[in-house]
Amino acid sequence: MPDGVQRFKALIEPHLDALFRAAYRLARNRADAEDLVQETCVRAYDHIAELQESEPVKGWLLRVLHNAFVDGARRTKRSPITKRADVGDPDTSASPGPSPEESAYAAQREELLQRAWLKLERGHRALLALRAEGYTVDEISKITGLPLDALNARLYRARQNFARHLKEEQMSPAARKEVAR
Amino acid sequence: MNHEGVNLLLDTKSAAELTAAERQAVDQHLASCSECREMWEAYDELAALRIPAPPPYLRVRIATALAARATARSRARWGLLIGVGLLAGAALAFSVLRLTNRSADPAPDGAPAFEEVAPAVEPAVPPEPPVPSNERVPSSPEPAESSAVLDTVTYPLDPYTLVVIGVPTPGTARESALTLATCYDTVVERLRAASGLNVIAGGSLRSVAERPYPEFRVARDLGAGSVLQLIGNDPPSCFASVANVEARTQEMVGFAWQPEDWRSFGNEVAASVREWILNDTATLMAERRAAVLDTARSDYARVSALFQLRLDAAIPAELDQGAVAVGVQIGVTSRDAKARWLAWFALRGVSDPYMVAPLLNSLANDAEDRVRAQAALALASFAEQPLVKDALTSAAAEVPSEPPKVSCCDPTVRSAARLALRGGGDPVEAVRGTVLDESLTPPERLSLERPAGDLMRLDELGAEAARTVFALGSSADDDDVRARAWQLLGYVNDPAFVPALLEDLGQHPAETVRAGAASGLTKHLGNPDVRAALERAQADSSLRVRQAAGFALDGISPP
C-alpha cells in the first residue's frame with residue numbers, strides 16, 4: 001500500500017467507529033452506512049491538505065461525512081428499512097431477554113421511527129443524528145458551519161418535523177394494519 | 001418558559017448540568033405543553049435506537065478504497081499528460097492529412113457501426129468524486145504524497161466492488177447495439193438494488209478497446225475485486241460473464257436473446273453476481289424458490305429461477321418436489337417454447353419419477369425439436385425403464401433435425417436420445433460416445449454436453465476424442481463448426497494441433513475461427529511461436545480475437 005495512504009489510514013483509523021456510528025444514525029442501514037463511511041474517507045483523503053494542524057481530526061472527518069451525506073442522493077436507492085438482523089449486535093443489545101411480544105412491538109416501533117426519519121429532509125436528519133450521537137451544539141456548529149442561532153432554530157424545527165412525521169406514520173394505513181395483526 | 005427556551009436549554013445543557021430552577025421550569029413546561037412533550041419523547045426514542053458495531057471488514061474496505069483512489073489519481077494524472085500529448089499529435093497528424101489527402105474517400109454506406117449508435121452509457125474512466133458542498137471543505141490541489149504512487153504498486157482489491165462493462169461486438173447491427181444498451185441499463189439497475197455491493201457503471205469498453213484485457217485493467221484501476229462483462233452480439237443478444245480480477249477466474253452468469261427476457265435476465269444476473277461476491281447462497285435459494293412458485297411471473301422467469309436453483313442444488317437429484325412440479329407443468333403446457341426448453345434443461349439430472357410421463361409426452365409431441373432434445377436428455381435418469389428406453393431408441397433413429405440457430409452444436413433430438421441411452425453409466429463414456437459416433441453430423445458430435453447439463457472438457461475424454469475433434473475442425477467448411485472445434489481444443493496440449501491453429505489464427509477470414517484458434521492454443525504457451533502469434537493477435541481488428549488471445553496468454557481456457 002502506498003506510504004501516503006498508510007499515513008492517512010493511521011490518521012483516520014481511531015475515528016472509524018465514530019464515523020460508522022454517525023453514518024448509521026444517518027442512513028439507518030448497514031450497507032448505506034458503510035458506503036457513507038467509505039465515501040467520507042475517500043473525500044477526506046482527497047482534501048487532506050486542508051486539514052489544519054490545530055484542527056481536531058475527528059471534527060474534520062465528521063464535517064466531511066456531513067457534507068457527503070447532505071450531498072448524497074445516490075445512496076437513496078437502497079431499501080431504508082433495516083432487517084432486524086442488521087440492527088442487533090449480540091454484544092451490545094441492551095435487552096437481556098424480551099418476550100416475543102416485546103420484540104415484535106420493538107420491531108414495529110423501530111420501523112415507524114425509521115419511516116418518520118426518512119421523511120425528514122437530509123439537513124435536518126444530519127443535525128438530529130449528530131445531536132443524538134452526543135455532539136454538543138458548539139461541535140455541531142463547527143461540523144456543519146451553521147451559526148449557533150441558526151443551528152438552534154433548525155434543531156428545533158427538525159425535532160418538530162420528526163415528531164409530526166412520527167404521528168403521521170402512527171396513523172398511516174400500514175401502521176394500522178400492523179397493529180390489527 | 002416558552003417552546004424555544006426549553007428547546008435551547010435542553011440542547012445546550014445535559015440533564016446533569018441543569019440547575020434546580022431550570023429543571024423545574026423545563027418540567028413545568030413539558031407537563032403543560034403536549035407539543036413539546038411529544039417532540040422530545042419522539043426524539044428521545046430516536047436517540048435510544050441501537051447502533052450496531054462496525055463490521056470487521058470495514059477497515060479493509062476503507063484501506064482498499066483509499067489505495068485504489070491513490071493509484072487511480074496517479075494514473076489519471078499520467079493519462080492527462082498522455083492525453084494532451086496525443087491530442088497535440090492528433091492535431092498535427094490531422095493537419096498533415098488535410099494537406100496531403102484532400103480527396104479522402106467518404107465513409108462507406110451501409111449499416112451504422114456500433115460506435116455511431118453507442119449505448120447511452122458513461123465512458124469507462126474512473127468517475128471524479130463530487131466536490132463537497134460545504135465551503136469550508138472546498139476542492140483543493142491533490143496532496144503531495146500521492147504523487148509518489150507508482151503504477152507498479154499492488155494492493156488488495158475491494159471484494160465488494162464490482163465494475164460493469166458493456167462490450168459491443170464491432171460491426172454488429174444497430175439493433176444489437178441498442179439491445180446491449182438496454183441489457184446494460186437493466187443489469188446495472190438490478191445490481192444497484194442489491195444491498196452490500198458497490199456497483200460502478202463502467203460504461204462501454206470501446207474507448208479502451210485497443211488495450212489488452214482492458215476489463216481487468218479498468219477494474220483494477222478502480223480498486224474493484226470483480227468485473228461483470230455484458231457482451232452484445234448478433235442476432236441481438238446479451239451474454240453476462242463475471243470475473244474475479246485477482247484470481248482471473250470467470251463464470252458465465254447469464255444469456256438472453258429476446259427483449260422480453262431483459263427483466264428476468266437482469267434479476268438472474270444480479271442474483272448470480274451477488275452470490276458470486278457475497279456468497280449468500282441461502283438467501284438466494286429462498287428467493288429463487290419463491291420466484292419459481294410465483295404464478296404472477298412469466299413462465300420463462302419461473303423456469304429461469306428453477307434453472308438457477310438447479311445449478312445451486314448440492315445434489316440436483318434432490319431438487320424439491322414443488323419446484324420440480326412447476327418445471328414439469330411449464331415444460332408441458334407453456335405456450336412459450338423457450339420456457340419449455342429451459343424447463344427440461346433445468347430438470348436434466350433430476351430423478352423425480354413424477355417427471356417421466358410428461359417428459360415422454362414432450363419427446364413424442366412437442367412442436368419444437370430443441371424442446372424434444374432437452375426432454376430426451378432429461379429422460380437419461382430413467383433410461384433403464386422399458387418405456388423410456390423404447391422412446392429414446394425410437395428418437396435415436398430419427399432423421400437429423402435442423403440444429404438450433406442460436407449457437408452451433410446444441411444437441412439434436414437423435415444425438416440427445418443417443419446420449420441419454422448411454423447416460424445411465426459413466427458420463428465420460430457417454431460423451432465420448434457422442435464425439436466418436438460417425439453416424440452423427442459434426443455439429444452434433446461437438447456438443448460435449450453431459451446428460452446432467454453442464455459441458456465436459458475435452459481433456460477429460462482422452463486423446464482419441466481430442467484427435468477426432470481436431471479432424472472435425474480441420475475438415476469443417478462451416479466457420480461456426482470449425483471455431484467450435486478449435487475452442488474445445490483449448491484444454492488439450494497435443495503439439496500436433498499447433499500448426500493448423502497457428503495458420504487459422506493468423507489468416508482465417510472469419511473472426512470466430514481466429515478467436516477459436518486463439519483459445520485452442522491456450523495449452524501451448526511453452527511454444528515461443530504460439531506466444532508470439534497470440535501477442536500479434538492482440539492487434540487483430542476483431543475485439544473478440546483480441547480478447548480470446550488475451551485470455552489464452554493468461555492461460556485461461558475458454559469457458
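The following dialogue works through a predicted model, asking what supports each label given to its residues.

Student: What makes Glu45(B) and Arg109(A) a salt bridge?

Tutor: Their side chains meet at 2.5 Å, N to O, and because the cut-off for a side-chain nitrogen of Arg and a carboxyl oxygen of Glu is within 4 Å, the pair qualifies. The pair crosses between chains, running from helix H3 (residues 34-47) of chain B to helix H6 (residues 100-119) of chain A.

Student: Why is Arg109(A) called buried, and what is Glu45(B) called?

Tutor: Arg109(A) has a relative accessible area of 15%, and buried means under 20%, so the label follows. Glu45(B), with 27%, is partly exposed, because its value falls between the limits of 20% and 50%.

Student: How do you know that Asp459(B) forms a salt bridge with Arg457(B), and how are the two residues classed for exposure?

Tutor: The closest N and O atoms are 2.8 Å apart, which lies within 4 Å, so the definition is met. Asp459(B) has a relative accessible area of 35% and Arg457(B) one of 38%, so each of them counts as partly exposed.

Student: Which parts of chain B does the salt bridge between Arg482(B) and Asp504(B) tie together?

Tutor: The side chains of Arg482(B) and Asp504(B) meet at 2.7 Å, N to O. Arg482(B) lies in helix H19 and Asp504(B) in helix H20 (residues 498-507), so the bridge ties together parts that are 22 residues apart in sequence. Both Arg482(B) and Asp504(B) are buried.

Student: How many salt bridges does a search of the whole structure find, and which residues are linked in a network?

Tutor: The search finds 28 over all chains. A network of salt bridges links Glu111(A), Arg115(A), Lys119(A), Arg164(A), Glu168(A) and Glu169(A).

Student: What makes the surface patch that includes Asp477(B) one of negative charge?

Tutor: Asp477(B), Asp478(B), Asp479(B) and Asp480(B) gather there, and because Asp counts as negative, the patch takes that sign. Asp477(B) itself sits in the loop between helix H18 (463-474) and helix H19 (479-488) of chain B; its relative accessibility is 76%, and since exposed means over 50%, Asp477(B) counts as exposed.

Student: Why is Ala367(B) called exposed, and where does it lie?

Tutor: Ala367(B) has 77% relative accessibility, which is over 50%, so it counts as exposed. Ala367(B) lies in the loop between helix H12 (356-365) and helix H13 (369-378) of chain B. The C-alpha atoms of Ala367(B) and Ala337(B), 30 residues apart along the chain, are separated by 8.7 Å.

Student: What is notable about the phi of Arg28(A), and why is this residue called buried?

Tutor: Arg28(A) has a positive phi of about 60 degrees although it is not a glycine. Most residues other than glycine have a negative phi. Arg28(A) is placed in the loop between helix H2 (16-27) and helix H3 (30-46) of chain A, and its relative accessibility of 2% is under 20%, so it counts as buried.

Student: How do you know that Leu448(B) is buried, and what is its phi?

Tutor: Leu448(B) has 2% relative accessibility, and because this is under 20%, it counts as buried. Its phi is positive, at about 60 degrees, although Leu448(B) is not a glycine. Leu448(B) is found in the loop between helix H17 (442-445) and H18 of chain B.

Methods
Residues numbered from 1 in each chain as written. Chains lettered and ligands numbered in written order. Predicted model: local features only at pLDDT ≥ 70, side-chain atom pairs only at ≥ 80, totals over all residues. Heavy atoms only, no water. Patch = residues over 30% accessible without salt bridge, like charges linked within 9 Å, V, L, I, M, F, W, Y side chains within 5 Å. Areas by Shrake-Rupley, 256 points an atom, 1.4 Å probe, with all protein chains shown as cover. Charge placed at Lys NZ, Arg CZ, Asp CG, Glu CD. Helix = DSSP H or I, 4+ residues; strand = E, 2+ residues; numbered from the N terminus. Buried < 20%, exposed > 50% of the residue type's maximum accessible area, 1.4 Å probe, protein only.
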